[in-house]
Amino acid sequence: LAATNVYNIHLLNNIIYNIPGNVDGCEASRAPFGMGLYIDNYSRDVETRGNTVISTTISGILYQQSSGTITGNTIYNASSGTEFSAQIDLGGSATRVTMSGNILYGINSTAWTLYTSSLSDILSSDQNYLFHPYVANHIAYGPSWTRQTFTQWQALSGQDTHSKTNWFTQAAGEPSRAKVFYNADEAPLSISLGSRQYLDLEQQPVVGSLVLQPFTSKILVDNGP
């Protein structure tokens, strides 16, 4: 990493959605796979901040043998394909990141909120939301992908002391109560919520309408008619 020519990269305030991936030319049995942001081998001091990544077939954000900060991103329904992956994936012995203020919302049963190959990958992590209403042990760790609950992860890693996890659960096959709203335009956007009652992830009511600034998003939970 010290000798790399790829360093001081800033990936800021992007809206990335519906990434199925392309496997043209591969074996016919190879399932499509696509990522939101892929920080590849030996990239140093990469700042990933304020991005929204929605519905990728594997990782939402991947840091592989790379370093940097992951701050204030919203990742919803990453790993929506058939392969096990995570909203944020950290891999490789050289990876070193700090994480804060991210929203990681998994839906698929093969999706984790967070995967790290080693505890040393994470220099610090806190003030995140790690939500997966369908799976209790939604954090994976180590080369064997050992699955952890949120509280097990806190005890194992010593990280995410002030982070939060989902306050409701859903049965397998049940449509997601959560919905992500986003604004991919350069002007503020007002979205009518109709008569539905929504809660934000802090369980605060959001009724009537939602105003989003340019290139921002918000996850709301349907709380009934």
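**Close-up views of the model**

**View 1. D45 and R44 meet in a salt bridge, with their closest N and O atoms 3.7 Å apart.** A salt bridge here is a side-chain nitrogen of Lys or Arg within 4 Å of a carboxyl oxygen of Asp or Glu. Before going on, please note that this is a predicted model, in which local features need pLDDT of at least 70, side-chain atom pairs count only at pLDDT 80 or more, and totals for chains, interfaces and linings use all residues. Residues are numbered from 1 along each chain as its sequence is written, and side-chain values use heavy atoms, with hydrogens and water left out. D45 has a relative accessible area of 38% and R44 has one of 21%, so both are partly exposed. That label sits between buried (under 20% relative accessible area) and exposed (over 50%), using a 1.4 Å probe and protein chains only. The structure contains five salt bridges, and the next two views show two others from that set.

**View 2. E47 and R49 are joined by a salt bridge of 2.6 Å, N to O.** The acid is the buried partner: E47 has a relative accessible area of 18%. R49 is partly exposed, at 33%.

**View 3. The salt bridge of E202 with K164 brings the closest N and O atoms to 2.8 Å apart.** The partners come from distant parts of the chain, 38 residues apart: E202 sits in the loop between β20 (198–199) and β21 (205–206), while K164 belongs to strand β17. Strands are DSSP runs of E with at least two residues, helices are runs of H or I with at least four, and both are numbered from the N terminus. Both E202, at 35%, and K164, at 37%, are partly exposed.

**View 4. D160 is a buried residue without a salt bridge.** Look for D160 in the loop between α1 (150–157) and β17. Side chains of opposite charge can pair when their charged atoms come close. For D160, the nearest side chain of opposite charge is K164, 12 Å away; in this count Lys and Arg are positive, Asp and Glu negative, and His and the chain ends are not counted. What D160 does have is a side-chain to side-chain polar contact with N128, at 3.0 Å. A polar contact is a pair of N or O atoms within 3.5 Å; within protein, one must be able to donate a hydrogen and the other to accept it, and residues adjacent in sequence count only if both atoms are side-chain atoms. Setting aside neighbours within four places in sequence, D160 is in contact (heavy atoms within 4.5 Å) with S125, D126, N128, L130, F150, W153 and Q154.

**View 5. Nine aromatic pairs turn up in a search of the whole structure.** One of them is Y17 with Y182: the ring centres are 5.1 Å apart and the planes lie at 35 degrees, so this pair is tilted. The two tyrosines are 165 residues apart, with Y17 in strand β2 (residues 15–19) and Y182 in strand β18 (residues 178–183). Y17 counts as partly exposed at 38%, and Y182 is partly exposed at 30%. For reference, rings of Phe, Tyr and Trp (its six-membered ring) pair if their centres lie within 6.5 Å; planes under 30 degrees apart are stacked, over 60 edge-to-face, and the rest tilted.

**View 6. Y105 and F131 form a stacked aromatic pair, 5.9 Å centre to centre with 25 degrees between the planes.** Y105 is in strand β11 (residues 103–105) and F131 in strand β14 (residues 129–131), so the pair ties together parts 26 residues apart in sequence. Y105 is buried at 0% relative accessible area, and F131 also counts as buried at 0%. Zoom out a little, and ring pairs link Y76, Y105, Y129 and F131 into a cluster.

**View 7. R177 lies over the face of F168, 4.5 Å from the ring centre.** A charge sits over a ring if NZ of Lys or CZ of Arg is within 6 Å of the ring centre and within 35 degrees of the ring normal.

**View 8. Y42 and N77 each have a positive phi without being glycine.** For Y42, phi is near 60 degrees; Y42 is found in the loop between β3 (37–39) and β4 (44–49) and is partly exposed at 41%. For N77, phi is about 60 degrees; N77 is in the loop between β8 (74–76) and β9 (85–91) and counts as buried at 14%.
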